[in-house]
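Dear colleague,

Please find below the structure that I am handing over to you. My notes on what was found in it follow directly after.

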Amino acid sequence: MKTNPIDSEETDAQRLGSEIREVRKARSLTLQELSEAVSCSTAYLSRIELGSANVSAELLREISAALAVDPDWFFPKQSGVGPLERKHVVRAENRRALSGMYTRTPEELGFEDELLSSTLSGQCYLILSRFRPGAGSPPEPLEGYSFEGEQHAIVLTGEVELRLGDEVIVLREGDSFSYPSMISHRFRNRTDKEATMVWAMSPIRITW
């Protein structure tokens, strides 16, 4: 009886390679560009990403530095009985922080993010944003972000102010929205209570 390849558990090298590939692509870097930043050829990097070559601790530190990510990011905590559960299910206590990978600080952005998806691969990803009380209120004029893609979200708790184009919209618990992210947008929490939102975003983006 043949084994379904989908049910086969990844090797450690394959899992690590796929994680490196995901972050590299999210950073919009080619293999050549990453190779130029570390002491490794493009061909060997390709083998690493495919899981057919091992990564030394020193090389992993170089790759992590070039990708501006903590080396621990590449070793997510996984739990479960079967290989599919361990690969695809993210327990609440095993979520990975995203904010440390951003180019702006949580103080500048006004929120902190956790990755709800099991990986950064695919066409979109799911994140949980926490807006601290009174956060996200930089001096006017309020800079907005715009980039290719789309965003969908729902407010789980609290109240968040969305500036979408020239409009200021107050979102409360249970409110949801979707828009093309080419429209300039920015969020902030002006209340004295924490607010939380769950997002689905496409394409993958970790540079703010």
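Within strand S9, alanine 200 is the bridge partner of histidine 152. Please note that this is a predicted model. Strand S4, residues 150-157, pairs with S9 in the antiparallel sense, and 7 bridges join the two. S9 also pairs with strand S3, residues 125-131, again in the antiparallel sense and over 7 bridges. On that side, methionine 201 in S9 stands opposite tyrosine 125. As for its surroundings, S9 spans residues 195-202 and is mostly covered, with 6 of its 8 residues buried.

A second region that you may wish to inspect is helix H3, which runs over residues 42-50. Which residues of this helix are buried? They are Leu45, Ile48 and Glu49. Viewed down the axis of H3, these buried residues fall within an arc of 95°, and they therefore line one face of the helix. The spacing fits a general rule: an α-helix has 3.6 residues a turn, so residues three or four places apart point the same way.

The cover over the buried residues of H3 includes helix H1 (12-26), helix H2 (31-37) and helix H4 (57-66). On the face turned away from the buried side, H3 carries the exposed residues Ala43 and Leu50. Just after the helix comes glycine 51, which takes a positive phi of about 85°.

With kind regards

Definitions and conventions
Residues are numbered from 1 along each chain as its sequence is written. This is a predicted model: local features need pLDDT of at least 70, side-chain atom pairs count only at pLDDT 80 or more; totals for chains, interfaces and linings use all residues. Side-chain values use heavy atoms; hydrogens and water are left out. Buried means under 20% relative accessible area, exposed over 50%, partly exposed in between (1.4 Å probe, protein chains only). Helices (H or I, at least four residues) and strands (E, at least two) are DSSP runs, numbered from the N terminus. Two strands pair if DSSP finds at least two bridges between them. The arc is that of the directions from the helix axis to the C-beta atoms. Contact means heavy atoms within 4.5 Å.
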